[in-house]
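The following paragraphs go through a protein model, from its overall make-up to a single residue. Please keep the sequence and the structure in view while reading.

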Amino acid sequence: MLDFAYLVHFKAERGKHGKGANKNGKNGKDLIINVPVGTVIKDDKGSFVTDLNQDGIEVIIANGGRSGKGNTSFVRSTLQAPSFAEKGEVVRGRWIELELRLIADVGIVGFPNVGKSTLLSKLTSAKPKIANYPFTTLYPKVGMKEEEDFSYIIAEIPGLIKGAHKGAGLGIKFLKHVLRTKILIHVLEVSASSQRDPINDFIMLNNEMKSFNRELLKKPQIIVLNKIDLLQDDEEIKRVKKFFSEKYKKKVHLISAIFSEGLEKLCIDIKDILRKTKKKEIKKTKIKKEYIFKEQKLIKIKKEGKAFRVIGDEVERAVIMTDFNNPQAVSYMQRKLDKLGLNEKLLKYGAKEGDTVLICDKNFEFIPEKGM
Ligand SMILES: Nc1nc2c(ncn2[C@@H]2O[C@H](COP(=O)(O)OP(=O)(O)OP(=O)(O)O)[C@@H](O)[C@H]2O)c(=O)[nH]1
Ligand SMILES: [Mg+2]
């Protein structure tokens, strides 16, 4: 996304003018802006518009202007030799907001300090900071796990604690990233290393995720009990295993991230589950191309001082495409605006003869029976 920090204006090529002997001008080339998969498009008010969450999706965010019609298109029985032509439409630009949301196949979740970064650093070549205090990792960290026949992205999701869905810790800032992962590795640490209980931690964190979005709990979760090197006996392991098998019919991976113990089996499990979810997804992927900002057919009128400001794509287009040096073109525009219902609308809104009407950068005097 760095590219967009320096360049914020994008302009497609202009079309070429038409020529004599009924020749059409050429269309300008489309301007295609590449963005990373995971980019969310919002409008200038920050409202969600669309989500480019798969490779190959193409959306049109601003349509080029219509070309103007040449004079011969205006020949009527009453107008044999029109001496005017429409100008090409000049379209308004549009501000959009691009937000890059992380897309990882696997999300590592767990309370602070349980060893998420350590695990990520052992599974991938990522080098997150590791330290013995909570909130060492402040932003999601991503790494790529590459195997001969399969590779996937793993992300450490930091800052999840009790009350996260209400903004505690790093809050919901990163919970939305969790939504985009396919599976979760839920890291718990053995009680011996902290005052906390892995079973309570598991229940509490799942409650947080559920309160943020129920969909999160539908993701397959692989349960990992970390730091087993700190245990003197296997009572703790028995207790945790019993809980997960009785309550969830789930197995628990016993690992020591720091000593890379138990990671091979964990990776086999990750791969298996990912393969299943990937297969399901491939069927869904279809390249979409759609126009995502619809044209405003409505005519809106607002007071601007004593004048009446008219807003509406069709009305504005009619004005922009008119050559005001040519009286025939102007009267053509007047009829068009009347057909679009503008005069009626202005009268309803209280406009009187002689009032000023503003459309785009033009001022008009309102004459109801003639139009402007
Ligand atoms: N004994 C032992 N210590 C571990 C193990 N895994 C991680 N640690 C230690 O636990 C502490 C926290 O590890 P991190 O990997 O930074 O934990 P984290 O979950 O990423 O923590 P935050 O980013 O703060 O949420 C560090 O001191 C690690 O060295 C393990 O398997 N055994
Ligand atoms: Mg960390």
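**Contacts, cores and one loop residue**

In the protein chain, 59% of the contacts with a separation of 6 or more are between residues 24 or more positions apart; a contact means that two C-beta atoms, placed from the backbone, lie within 7 Å. The model is predicted: local features need pLDDT of at least 70 and side-chain atom pairs pLDDT 80 or more, while totals for chains, interfaces and linings use all residues. Residues are numbered from 1 along each chain as its sequence is written, with chains lettered from A and ligands numbered from 1 in the order in which they are written.

The chain has nine helices and 15 strands, taken as DSSP runs (helices: H or I, at least four residues; strands: E, at least two) numbered from the N terminus. Of its 372 residues, 26% are buried, that is, with 20 or more other C-beta atoms within 10 Å of their own, against 12 or fewer for exposed and values in between for partly exposed; C-beta atoms are placed from the backbone.

The largest nonpolar core (buried Ala, Val, Leu, Ile, Met, Phe, Trp, Tyr and Cys joined through C-beta atoms within 7 Å) holds 38 residues, and Ile108, Ile154 and Val224 touch the most other members. Among the elements giving two or more residues to this core are strand 5 (106-109), strand 7 (151-156) and helix 6 (263-284). Another core, of 18 residues, lies apart from it and includes Ile320 and Val357.

Lys219 sits in the loop between helix 4 and strand 9. Lys219 counts as partly exposed because it has 18 C-beta neighbours inside 10 Å. Beyond four places in sequence, Lys219 contacts Thr181, Lys182, Ile183 and Leu184.
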